[in-house]
Every structure is written in structure tokens, then in C-alpha cells.
Amino acid sequence: MSHWGMFTAESVAGEVTAVHPYEGDSNPSPMLGNFAGSVRSRSRVAGPAVRRGWLENGPGPTEKRGSDEFVSVEWDELTELLSRELRRVVDTHGNNAIFGGSYGWASAGRFHHAQSQVHRFLNQLGGYTKSVHSYSLGATGVIMPRVVGTHSQLFERSTSWDVIAQHSDLLVCFGGVPIKNTGVNAGGTSEHPTRGAIDAFRRRGGKIVSISPLRDDLDGECDWIAPIPGTDVAIMLALAYVLASEGLHDIAFLNRYCVGYERFEEYLLGRSDGIAKDPHWAQEISGIPAETLVDLARRMAAGRTLVSVTWSLQRIKHGEQAPWMGVTLAAMLGQIGLPGGGFGHGYGSMNEPGMTSIPYPLPTFPQGRNPVTDFIPVAAVSDLLLSPGEDFDYDGRRLTYPDIRLVYWAGGNPFHHHQEIPRLRRALARPDTIVVHDPYWTPMARHADIVVPSTTSFERSDLSCTRNDALLVAMHQVTEPFAGARDDYETFAALADALGFGDTFTEGRSSQQWIEHLYGQWQPSVDADGGNTPSFEDFWADGHYRMRTRGDEVLFGDFRENPEKYPLGTPSGKIEIFSETIESFGYDDCVGHPRWYEPDEWLKGSRAEAFPLHLIANQPKTRLHSQLDHGAVSQASKIHGREPIRMHPDAAAERGIVGADVVRVFNDRGACLAGVVVDADLHPGVVQLATGAWYDPLDPADPDSLCVHGNPNVLTPDVGTSLLSHGCTGQHVLVQIEKFEGELPPVRAFDPPVLNPR
Ligand code: PGD
């Protein structure tokens, strides 16, 4: 099982040679093609390694990270060095001097899940400064609990695809429903239903309006509306304006199920600020003709309509507003809680939304309790490292960045996920020690002092299970561990032993015993529900067990049926179109109701004079994030070895650029190379460069160096969505593009660093 689907694998001499998708999967992800050759790839970390400067001069801040050479050490020495350093940091600076947020997707599997392993270990060490929420959903994770009382239920209990296929008339999809992203599900997936459901919906006569600067955010027939990026909230406001001014809004629903519509309406109609948010106002902002918006609003009110907002819309400055305004618009239509109507968040953002959930808890490796209370919103990592002792705002609280001495990362790649890499590199020069566990020499591993080689999921056994998939899957080991690689569990068990809490960490179990133990703990809840689960041995031999799912779901269906019995988890128990709580925080970048804020990075702003193209840095089609960028599917998409950038023919012609040219993409934060694909199916002012090409600096010693491979996060701004959430804003950035003349530098991202014997 992988995050991008279930499969069986063939192997020869310790290498995966082929993978075959699970026969029950109706639309397997092409990303499975990246696996062959991945176990013995030249980018694997073959054994423990320590940065020479750290080994010779000891821990301390340094700008050498990322350009120094490495020294191979034996496992025993690694355990000794690392446990001693952890002890020093804890004894001298306290546990909150360890940043163990360690964000990242790592691999599927409930036991070897890298985050669970590192957090259990650090908790038992006495705790660590943690991070909260995710790069995927930083803004949603904070705003939606205030608006509808939850964020996870929006996906876990989302209206199922089958219900949409049977009941919806119109899908109004802000951000489209990008099929490429539905290949992926955190923790794995045995089925990919989106394409089939949309086909069934169309066969029934259903219509789709896709609002996105990229045509291919929706496959097949639809009405495509291509606005100026970042203006969706203005469009939603105009649609709401038409509903309100034409009396098409459902006042009974707003009164019974919502609070604060009146306060919002003051703003909408312009009574509070003198600006009516009407279709002409929105046309000026978004470039979409007013008549198109009027027509769309009327169509929405005429039938069963689902307002869908992708997660990408909240991964920009003021990202809180799009999901909040999406709910508000759906509430005005009065269809929240009805089959096929209402609101959806994340259709096409990941496979989970639209899949029906299982009614049981998942088998879970216990992480224990973190005694340290310091935390950061996940996308504030550079701020944390650069500003010890400084105060910051977050979700109504005033918090302080602790002084971090040691950074511990297992299963994530900040050079993929974080914005403004030049700033990140300066931040990573600050701590005394950086530890990274990864199977591969990722850019993050290259910036570490201590590199711990992990196994991949092919080299160990595990269990996989997710909230919205019916299968519990036995992940059988396929090959022996590569060279000196070890399971993260073995590494932490040895470290815990050296630090005096080995028995507490392992509880005396081997990995296989843990897997059996987790299965045994999970069985009773399923059996109590009539599950009749097999013995562990039978389950392991069969390879999977099919659970009951809840069946067709309608988001907030029970709340609609009986709001007194099933209130939302908001202070009012209702949908908060106006939130007194948020208003009370006094933030000027997120007030008490959804509203339009002009972004910094947009085509109508002043920055566009210098950087006139709007780059969309979205999720790649050919891999998950940065994982297996060296794999066959990812490599086949590259142009002269660079990440492809899509440009509109007009933008290309204006610059004397043609398809397959290599270009320099730049702004005042950084620059990267990329290979051009000319594509008329983009908004003319937009270029698109996916995330995930491994950062490859021309001069590794220079934090501002050109990335020769095409990582857009050298360009993106390191700013949070707002004071409320500080979510990731990596989707949007303004750039300029020129043809790259001169000799093309080689791509060295996948070559391991110089590694010397001890
Ligand atoms: P991955 O490439 O999946 O990216 O960022 P994330 O850090 O999750 O990194 C996972 C790492 O785990 C890989 O290096 C892999 O080799 C390693 N790994 C795999 N298995 C194991 C294991 O068993 N043990 C250990 N120790 N390591 C393992 C993703 C993040 O990026 C996300 S979720 C989103 S949504 C964001 N999206 C954007 C965006 O839209 N635009 C921009 N510009 N930036 C983004 N960044 C964010």
C-alpha cells in the first residue's frame, strides 16, 4: 500500500522491478510507475552519515549546512553521538529547545508511520516543541471549527460521490476537481472513485461549472470560468449578492441554521462600507463578465447545487475566506444537509472527500503525551528558528517562539513543503544540530548534521488503514533492507535504550509483534459491530480485511434534520456566518465575517509591474509532493531534466519563448530554471509549475543560488494566511520569465553528496 494506491510488487535481487495495481481499483494512479528501481536508487542513504563540520567542531550554528561533506559512521557511533547530543540539549536548554514538529507525509502504514515514531520517542524523552495543523489545510484547520464546528468531518463525513451522482444538478467547483490529486490519499487507498462518479453524474444530466485559471483542473465537459487567480471570494460575493438582491436566498434556512447573516449582509450589500459586492464590482476584480455571474447565481438557485471549494484556495494569503465564503454561499442557497446540495471542501484535493467513512477507530501506534506546551502553526518554521523569544499572534492567542537548539525531522522534506527557500536556508543555519531520518538524500537530508538512513515501506511489514477506505491491508515486506538502512523504529529503540527508556519505548515488542498487537487492539470494536474479524494469522495470509462503511453520507445531514439534537460544535451550535469569537480577536486580516481582501501576489496589484505573471505552484501530476522525483513517471515529464512550466502561447510569444525552451523563472526572492510547455488552456496571465522538483542550487554554499531544477518554493513568499491561522500560502506567487541563454547547468539533485569514510 502507498499513499497513491494499493498494489502488488515484484522484486529481483533486493530491487522492486514492477508494481501492479490492486484489481479492485477502478482508476489506479499512474504514480505507481515511480516505484520500480526505487529501493536501490542512487539517491538512497546507504548508511548513517554525519556532516564533517559537526563531527570536527561539534554542534553550533553554521552556514555550512547544505554544502559541507559527510562522513560515514557505524550505527553504534551514530547512536552514541545522537543520544549524547539529545541529552546535552535537554539538560542545558530544556525539552522545548527541541523542535520535533517534523511535518511530512512519509509513507503509508500505521506502525512505521514516521511521525508517530518520532513523536512517541520525543515524548518519552520529555517532550518537544511541536507544530499544529498541516501545509495542506493550515487555514481551514483553524477557521472551519469556528464556522461549522469541525474541519476533519468536512472530509471524513463529506457528501459521498454516489449521493452527488444521484442527486446533484449542478456542481459549482471553485478550483475544479483536479483528478490528478485524487490519486493520493494520506495513509493509502484501495479505490479511486472520483472519475467514475463524475461520469455517472454527467450521464444523469448533471452539469459542472469549473472556476479555475487552469482548464485541466476539471477533466472533460464543463463550463470553464477562468478568473484572475486569487479572486474566488470576490466571485462568491457577487453570486451571493445576486441571490440576496433577487430574493433567491433561503431566509428560513439562514434563520434556523445560521447566525450572523444580517451582519454579513450589511457588508455584502455595501451598507457598512459603501461598496456593493455586485457582479460589476466582481468583474473589475476577477475579469469575469458580470452577466456570467448573474446567470450562474440564478442557475445555482434553480436546482440542487453543490458549492465545492478545493483546498488550494485556502493555501494563499487570506486563505480563510474562500471556505468560509463557500459555506456562506451554500447556506444562502439553503441546501446544506440535503442530498447532493450544500457545501463540499476538498473534492479533487485528495481522494478522501466523497469516500464513505468507516465507523471504527484506526489501529494506532500510541504516541504518548507531550509535556511541553510550546507550539507553532506548522508553516511558521523559519520564523521559529529566526526569531527566538519573539511573540506572535495565533488564533486569538499571543505566543512566544522558544529558542530552538536541535531540529529533529523524520519523514518530511521542508525543501519541498516550505516557502521562500533562501530564508529557510538561513533559518536552518541557526540551530546547533539538525537530525534527519529519510531513505533518500533529499535536500533536507543534505542540510542535516546527522543523517539517519530509513527503510522504505518495501523493506518492512506494516498494516494500513484510513478513515475512508473499507480495507485494512497487510503490507508484506517485499525486499531486505537496502545496505545500512534501518526501520525508524529500530533507530528510536536503540536511541531510547542508550537514553535509559528503551523498554518504555518498545514495551518489549519487535515490529512484527507491534503489528499483531495493534491488530488485536483494533479487533474488538469491529467485532462488537458484527465484524467477525479473522485471526491475525489468517488476516496476514489473506492480505486484507473488508470493513463495513457508513454508506451514503450527506454532510451535516443530521444537523439539518434536527439542529437541537445534533448541533454543530460552534458557540451557537449553528453555522457562524458571523463569528463573535473571531471578531473579538481584533485582527484586521480576518474579521468576524467572510470578506474580500486584496492579495499581495496578484495580477492587479503593484508587484505585478515588476513580476507580471501569476505562478500557480500546485501539486504535481507525476509524483506525490517530492517523493520519488527520480522515478520513471516523474522523470518522463521533465524537459531537459527540468520541471515543466506551462505558459500561455501569448505570454511565451511576448518573450520569444517556444515549447521545450529552458527558462529562468524569477522574482526578488529567488530564481529557478524550468522547461516550457506551451498551453492555451490557462488564463493568459498564468503560468503553472508544480511543487516537488528536488531543490538543486547551482552554488550549494549560497542560500540565494539559482535552483537549476525547478523548485517553485525558491520564489514563494514565507508569509502566513493571516494572524488567525498562519496557514501555508505557497500556491500563488508573481514572477517574471526569460529564456535561459548560455550553457545549461547539470541537474545534480539525485547524486548523493561526497561521503568520506571515518
Ligand atoms: P514529501 O515529499 O511527501 O513532502 O510536504 P512533505 O514534506 O510531506 O516528503 C516526505 C518525505 O518522507 C520524503 O522525503 C520521503 O522520502 C520520506 N519518507 C518516506 N517514507 C519514510 C519513512 O518511512 N521514514 C522516514 N524517516 N522518511 C520517509 C508536503 C506539503 O507540501 C503539503 S502536504 C502541501 S499540501 C503543501 N503544498 C504546497 C503547495 O501547494 N504549494 C507550494 N508552493 N508548496 C507546498 N508545500 C506543501
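Contact here means heavy atoms within 4.5 Å. With that settled, I opened the model, which is a predicted one, and started on the whole chain.

**Entry 1: the overall picture**

I looked up how contacts are spread along the sequence. Among contacts between residues at least 6 apart in sequence, 76% join residues at least 24 apart. I then counted secondary structure and found 26 helices and 29 strands.

Next I checked the overall dimensions. A compact globule of 758 residues would have a radius of gyration near 27 Å, and the protein has 25 Å, so the two agree. Along the principal axes, the C-alpha atoms fill a box of roughly 75 × 70 × 50 Å.

**Entry 2: surface and charge**

How much of the protein is buried? Buried residues make up 64% of the 758. The accessible surface comes to about 25600 Å², and carbon and sulfur atoms account for 48% of that surface.

I also tallied the charged side chains: 64 are positive and 95 are negative. The centres of these two sets lie 1 Å apart.

**Entry 3: helix α14**

I moved on to α14, which covers residues 321-333. This helix has 13 residues and reaches 18 Å from its first C-alpha to its last, close to the 18 Å expected at 1.5 Å a residue. Is α14 enclosed or open? I found 13 of its 13 residues buried, so the helix is largely enclosed by the rest of the structure. Just after α14 comes glycine 334, and its phi is positive, near 75°.

**Entry 4: tryptophan 324**

One residue of α14 got a page of its own: tryptophan 324. Its relative accessible area is 0%, so I noted it as buried, the cut-off being under 20%.

Which residues touch it? Leaving aside neighbours within four places in sequence, I listed Ile143, Met144 and Val147 among the contacts of tryptophan 324. Further along the chain, its contacts include Glu576, Ile577, Ser579 and Ile582, and also Cys590, Val591, Gly592, His593 and Pro594.

I took one distance as well. Tryptophan 324 and isoleucine 575 are 251 residues apart in sequence, yet their C-alpha atoms are 10.0 Å apart in space.

**Entry 5: helix α21**

Last, I looked at α21, residues 511-527. This helix has 17 residues and reaches 25 Å from first C-alpha to last, close to the 24 Å expected at 1.5 Å a residue. Its buried residues are Ser511, Trp514, Ile515, Leu518, Tyr519, Trp522, Gln523 and Val526. An α-helix has 3.6 residues a turn, so residues three or four places apart point the same way. I kept that in mind while reading the list.

How values were computed: Residues are numbered from 1 along each chain as its sequence is written. This is a predicted model: local features need pLDDT of at least 70, side-chain atom pairs count only at pLDDT 80 or more; totals for chains, interfaces and linings use all residues. Side-chain values use heavy atoms; hydrogens and water are left out. Helices (H or I, at least four residues) and strands (E, at least two) are DSSP runs, numbered from the N terminus. Buried means under 20% relative accessible area, exposed over 50%, partly exposed in between (1.4 Å probe, protein chains only). The radius of gyration is taken over C-alpha atoms; the globule rule is 2.2 Å times the number of residues to the power 0.38. Accessible areas come from the Shrake-Rupley method with a 1.4 Å probe; for residues, only the protein chains shown count as cover. Lys and Arg count as positive and Asp and Glu as negative; His and the chain ends are not counted. The place of a charge is taken as NZ of Lys, CZ of Arg, CG of Asp or CD of Glu. The expected span of a helix is 1.5 Å times one less than its number of residues.
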